[in-house]
Amino acid sequence: MVAELIDVAVIGAGPAGLAAATQAAKAGLSVVLLDEQEAVGGQIYRAIERNDAPRREILGPDYAAGAALAAAFAGSGALYVPNASVWQVTRERSVHYLKDGKVGSFEAKRVVLATGALERPFPIPGWTLPGVLTAGAAQILLKSAGEVPTEAPLLVGCGPLLYLLGWQYVRAGVPIRALVDTTRHEDRWRAKQHLLSALRAWPYLRKGLQLIRT
């Protein structure tokens with residue numbers, strides 16, 4: 001069986017993959033977008049097509065902005081292959097994937113890898129106990145099913161995602177017991193050396209301050 005020849009294969013249906021597939025399709029190229037999830041959006045815009053206005057309001061304007069990107073892709077003419085686990089891309093740009101227990105493949109002139117970021121939690125005593133989960137998993141529950149903790153959660157870790165999750169929980173009416181930031185003083189001191197450069201991205205700094213203030 002000869003695999004179908006396409007112009008562009010995009011792997012990953014998050015923000016970058018959606019944008020790449022949409023632009024390529026608008027340019028008149030034949031495009032296939034593959035992702036292991038059942039719907040587009042990736043982790044950032046997970047369930048964006050089915051979430052209603054109240055939940056989008058809770059998740060914030062940055063999340064809601066994904067609706068326009070998903071709609072643009074839907075109207076671009078690109079083919080979406082959901083529930084597809086890509087397991088090999090050859091030097092000749094043959095893309096092989098597994099879907100519903102069956103293998104499939106495309107021959108692509110160009111391949112765009114937009115596989116997103118990877119959450120890397122570190123093991124600590126008690127991290128496998130019931131009720132303990134990563135910030136990424138907590139966001140999956142919130143975005144996919146609107147599930148939030150029934151008791152005030154304790155948020156522990158570092159980085160902007162922790163503050164974003166806390167901000168979203170507060171907007172969902174969930175009180176936060178405490179937020180423990182594990183960033184070391186040495187790391188904060190090293191970061192100060194880049195303060196002038198960071199000021200060029202002041203909109204992101206403003207968003208961060210809003211999250212912390214909330």
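Let me open with helix H7, residues 185-192: Asp187 and Arg190 sit three residues apart in this helix, so about one helical turn separates them. Their side chains meet in a salt bridge, with 2.4 Å from N to O. Through salt bridges that share partners, Arg184, Glu186, Asp187 and Arg190 are joined into one network. Please bear in mind throughout that this is a predicted model.

To stay with that network for a moment, Asp187 also forms a salt bridge with Arg184, and here the closest N and O atoms are 3.2 Å apart. How accessible are these residues? Asp187 has a relative accessible area of 26% and is partly exposed. Arg184 is partly exposed as well, at 45%, and Arg190 falls into that class with a relative accessibility of 44%.

Let me now step back to the protein chain as a whole. The chain contains nine helices and eight strands. Its C-alpha atoms fill a box of roughly 60 × 45 × 35 Å along the principal axes. There are 214 residues, and 31% of them count as buried. The accessible surface amounts to about 13800 Å², with 59% of that area belonging to carbon and sulfur atoms. As for contacts with a separation of 6 or more, 54% are accounted for by residues 24 or more positions apart.

The salt bridges deserve a further word. How many does the structure hold? The number is eight. One of them, in addition to those in the network, is the pair of Asp7 and Lys109, whose closest N and O atoms are 3.4 Å apart. Asp7 belongs to strand E1, residues 4-11, and Lys109 to strand E6, so this pair ties together parts that lie 102 residues apart in sequence.

Are the two partners buried or exposed? Asp7 has a relative accessible area of 18%, and because buried means under 20%, Asp7 counts as buried. Lys109, by contrast, is partly exposed, with a relative accessible area of 43%. The surroundings of Asp7 can be described further. Setting aside neighbours within four places in sequence, Asp7 is in contact with Leu29, Ser30, Ala108, Lys109 and Arg110. The salt-bridge partner Lys109 is thus listed together with Ala108 and Arg110 among these contacts.

I turn next to helix packing, where I have two pairs to show. The first pair is helix H1, residues 15-26, with helix H4, residues 66-74; they pack at an angle of about 35°, and their axes are 9 Å apart. On the H1 side, the contact is made by Pro15, Leu18, Ala19, Ala21 and Thr22, and on the H4 side by Leu69, Ala72 and Phe73. The crossing of H1 over H4 is left-handed.

The second pair is H5 with helix H6, residues 160-171. Here the packing angle is about 30°, and the axes are 10 Å apart. H5 likewise passes H6 in a left-handed crossing. Which residues meet at this contact? From H5 they are Ala135, Gly136, Ala138, Gln139 and Leu142, and from H6 they are Leu161, Leu164, Leu165, Gln168 and Tyr169.

Just before H5 in the sequence, we come to a feature of the surface. Trp127 is placed in the loop between strand E6, residues 102-113, and helix H5, residues 135-145. With a relative accessibility of 40%, Trp127 counts as partly exposed. Trp127 also contributes to a nonpolar surface patch of about 510 Å², which is made together with Phe122, Ile124, Leu129 and Val132. Strand E6, on one side of this loop, is the strand that holds Lys109, the partner of Asp7.

Finally, I would draw attention to Ser197. This residue is placed in helix H8, residues 195-198. Its relative accessibility is 44%, and Ser197 therefore counts as partly exposed. Where does Ser197 stand with respect to Ala47? The two residues are 150 residues apart along the chain, and their C-alpha atoms are separated by 35 Å.

To close, I return to two points. The salt bridge between Asp7 and Lys109 ties strand E1 to strand E6, whereas Asp187 and Arg190 pair within helix H7, separated by about one helical turn.

Technical notes. Residues numbered from 1 in each chain as written. Predicted model: local features only at pLDDT ≥ 70, side-chain atom pairs only at ≥ 80, totals over all residues. Heavy atoms only, no water. Patch = residues over 30% accessible without salt bridge, like charges linked within 9 Å, V, L, I, M, F, W, Y side chains within 5 Å. Areas by Shrake-Rupley, 256 points an atom, 1.4 Å probe, with all protein chains shown as cover. Salt bridge = Lys/Arg side-chain N within 4 Å of Asp/Glu carboxyl O. Helix = DSSP H or I, 4+ residues; strand = E, 2+ residues; numbered from the N terminus. Buried < 20%, exposed > 50% of the residue type's maximum accessible area, 1.4 Å probe, protein only. Axes fitted to C-alpha atoms, helices over the stretch in contact; angles between N-to-C directions. Left-handed = near helix turned anticlockwise from the far one by under 90°. Contact = heavy atoms within 4.5 Å.
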